[in-house]
Amino acid sequence: MRFGFRKVSASAPPRWCPKEMAHPPLLDHSAAAGARQARYALLINPFYAKDPNASFGKHVLTPTLALTTIAAATPGHWHVRYWDENLLNGRPPATPLPEVVGITVHLTFARRAFELARWYRSRGSKVVLGGLHVLSCPEECAPHADALALGDGVQLWPRILADVEAGCLLPRYTATYESDYRRDSAPRRSILPRRSFLTTTSLMATRGCHNRCGFCYLATDGLRMPYRMRDPEQLAAEFAADGQPYGVFIDNNLGSNRPYLRALCEALRPIERIWSAAVSIDVTDDPALVREMALAGCTGVFVGFESLTDENLADSGKRSPKAGDYARRVRMLHDNGIQVNGSFVLGFDHDRADVFQRTAEWVEVNRLESVTFHILTPYPATPLFRKMEAEGRLLHKDWALYDTAHAVFRPKHMSPEELEAGYARLYQRLFSHASIWRRRPADWRAVAPYLAMSYLCKRSNRLWRLLIRHQLVHAVWRPLVEVTRLRHVRFRAELAARDAPGRRRAASSPRVFSGLGCAGVHSGFPEPP
């Protein structure tokens, strides 16, 4: 299994990726095991290789909410520590040796998770594996762990630690997602290295989605995630308490329940923060709700357009407006000062060689501030995986390459090499000087902030490497984000004043910088958590 990126063809653009962004730090297998500290739990987000076509910055937008939420469920007499290998701080800690190591596992970094598990277990720590890959492939994960957590880790973690204390740890723990989501504790952000992230305010208001697309991880066998909501007032208080000007809702689809989103906007409006979220494009069915999102501080949305071909949308089971109506809906978001990060999946069965050119032109004509591309990837235990396997189209099961940057199946109307090369060319074109300029805001006052965001996010991977390594991410971004927040507060007042009774007229969109241009999260093809 490799963590690098293979060459696909002579037509693919050159891609620069330093070793530390492509390979994890080496573990010291010769080091003697140190003393183990009782009641000490270490939570690890393993290293994963970064796609050099995309922005390195998106990996430090926000911390993983999964581990900070698990930390919040840790009993008070336990010491808990957070370690994210992607922050380039070297080898994970081993002095003192933790009694329990909890590792989140995504299929693209399963090999690294297993390597870490082996290293800690050989030194006497108990290792607990959880996450989506554990749920979809438990038999593969079981040999590498003392215990597996299948399902809602917030319910399972206290039970697991209690059994460790009692000396009766079980090999497998199972929970559903049927619990009252409102009773979950707020994430324990105090354990985070705040200087290493653009914002530590990653929020989750809802669980589940009204779509169940065949390619999405939510369609994984055994994963039943009913739609659950937290109280809007809880979220507003949590947002305000973290003291950050910008927050990111990592919900799969914050707009699944429109009355709830309206109530959430009402709760967020008084705290005068800015935020971004993933929504499906049908949120624009309700123009008044879009306006309320803007008035509540929404400056950017991540929208899974997926495809500009209706047949692809139908085949995937995605309930979505017709692709021909996407442009009008994007204009509605822009008219309310909301930036759009569009997500597109490449390699559907109705995609041909012209899909790359058509998609690039559509993005530029409609002036999407940011865009994220994914090569169609059949995740294990999903309907798409079963279909591809039955048709004999899977090329291999090297999970490290199931990262949406590689073609792991045989497309219908092009070769795998052509699909990978087209994916790379799309990023090269849309990250180019010419494309960034073509997509500049119509409002001249917003051009400078837009360019600052675009160049820092899209053309500064060498800089990102240094910012991440030296823990300067927050220091560099905070002034830009605070200026954006102040500008947006003024814009909201202008927007509200223009809403005269009996008529609705959009204000001139400021296209303010929201940081969403670095996001690249929230889609059915999630970035590693």
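**Exercise 1. Strand partners at the sheet edge**

Find the residue of β14 that stands opposite serine 343, and place the pair in its sheet.

*Solution.* Start with the residue itself: serine 343 faces threonine 372 in β14. This is a predicted model, so keep that in mind throughout. Next, look at the two strands. Strand β13 (residues 339–346) pairs with β14 in the parallel sense, over six bridges. Now step back to the whole sheet, which is open, has six strands with parallel pairing, and follows the order β7-β10-β11-β12-β13-β14. Its edge strands are β7 (202–203) and β14 (370–375), each pairing on one side only.

**Exercise 2. The surroundings of strand β1**

Work out which strands pair with β1, and which unit β1 makes with α2 and β2.

*Solution.* Take one neighbour at a time. Strand β1 (residues 36–45) runs parallel to strand β3 (residues 97–104), and six bridges join them. Within that pairing, alanine 41 has valine 100 of β3 as its bridge partner. Turn to the other neighbour: six bridges also join β1 to strand β2 (residues 79–84), again in parallel. Here leucine 43 stands opposite tyrosine 82 in β2. Finally, trace the path between β1 and β2. Together with helix α2 (residues 65–72), these strands make a right-handed β-α-β unit.

**Exercise 3. Reading salt bridges**

Examine three salt bridges: are the residues involved buried or partly exposed?

*Solution.* The structure holds 31 salt bridges, and we will take three of them in turn.

- Step one: arginine 39 forms a salt bridge with glutamate 165, with the closest N and O atoms 3.8 Å apart. Arginine 39 sits in strand β1 and glutamate 165 in helix α6 (residues 153–166), so the pair ties together parts that are 126 residues apart in sequence. Arginine 39 counts as partly exposed at 27% relative accessibility, and glutamate 165 counts as partly exposed at 32%.
- Step two: aspartate 152 and arginine 207 meet through their side chains in a salt bridge of 3.7 Å, N to O. Aspartate 152 lies in the loop between β5 (147–150) and α6, while arginine 207 lies in strand β8 (residues 206–207), so this pair ties together parts 55 residues apart in sequence. The cut-off for buried is under 20% relative accessible area. Aspartate 152, with 3%, is therefore buried, and arginine 207 counts as buried at 5%.
- Step three: lysine 387 forms a salt bridge with glutamate 391, their closest N and O atoms being 3.2 Å apart. Lysine 387 is partly exposed at 36% relative accessibility, and glutamate 391 is partly exposed with 40%.

To finish, look for a group of linked salt bridges. Arg258, Asp285, Asp325, Arg328 and Arg329 are joined into one network by salt bridges that share partners.

**Exercise 4. One face of a helix**

Explain why the buried residues of α17 line one face of the helix, and find what covers them.

*Solution.* First list the residues: in helix α17 (residues 461–469), Asn461, Trp464, Leu467 and Ile468 are buried. Then look down the axis of α17, where these buried residues fall within an arc of 110 degrees, so they line one face of the helix. A general rule helps here: an α-helix has 3.6 residues a turn, so residues three or four places apart point the same way. Next, ask what lies over that face. The cover for the buried residues includes α1 (19–22), α16 (447–458) and α18 (473–498). Just past the end of α17, glutamine 471 takes a positive phi of about 55 degrees.

**Exercise 5. Contacts of a buried valine**

Describe the setting of valine 128, then compare it with figures for the chain as a whole.

*Solution.* Locate the residue: valine 128 belongs to strand β4 (residues 126–130). Check its burial, and you find a relative accessible area of 4%, so valine 128 is buried. Now collect its contacts, leaving aside neighbours within four places in sequence: Val100, Val101, Gly102, Ile103, Ala147, Ala149, Trp157 and Ile160. Among them, isoleucine 160 is 32 residues away in sequence and 8.6 Å away in space, C-alpha to C-alpha.

For the wider picture, the protein chain has 18 helices and 14 strands. Buried residues make up 61% of its 529 residues. Of the contacts with a separation of 6 or more, 76% come from residues 24 or more positions apart. The chain exposes about 19,800 Å², and carbon and sulfur atoms supply 53% of that.

Definitions and conventions:
Residues are numbered from 1 along each chain as its sequence is written. This is a predicted model: local features need pLDDT of at least 70, side-chain atom pairs count only at pLDDT 80 or more; totals for chains, interfaces and linings use all residues. Side-chain values use heavy atoms; hydrogens and water are left out. Buried means under 20% relative accessible area, exposed over 50%, partly exposed in between (1.4 Å probe, protein chains only). Helices (H or I, at least four residues) and strands (E, at least two) are DSSP runs, numbered from the N terminus. The arc is that of the directions from the helix axis to the C-beta atoms. Contact means heavy atoms within 4.5 Å. Two strands pair if DSSP finds at least two bridges between them. A crossover is right-handed if, with the strands pointing away from the viewer, the path from the first strand over the helix to the second runs clockwise. A salt bridge is a side-chain nitrogen of Lys or Arg within 4 Å of a carboxyl oxygen of Asp or Glu. Accessible areas come from the Shrake-Rupley method with a 1.4 Å probe; for residues, only the protein chains shown count as cover.
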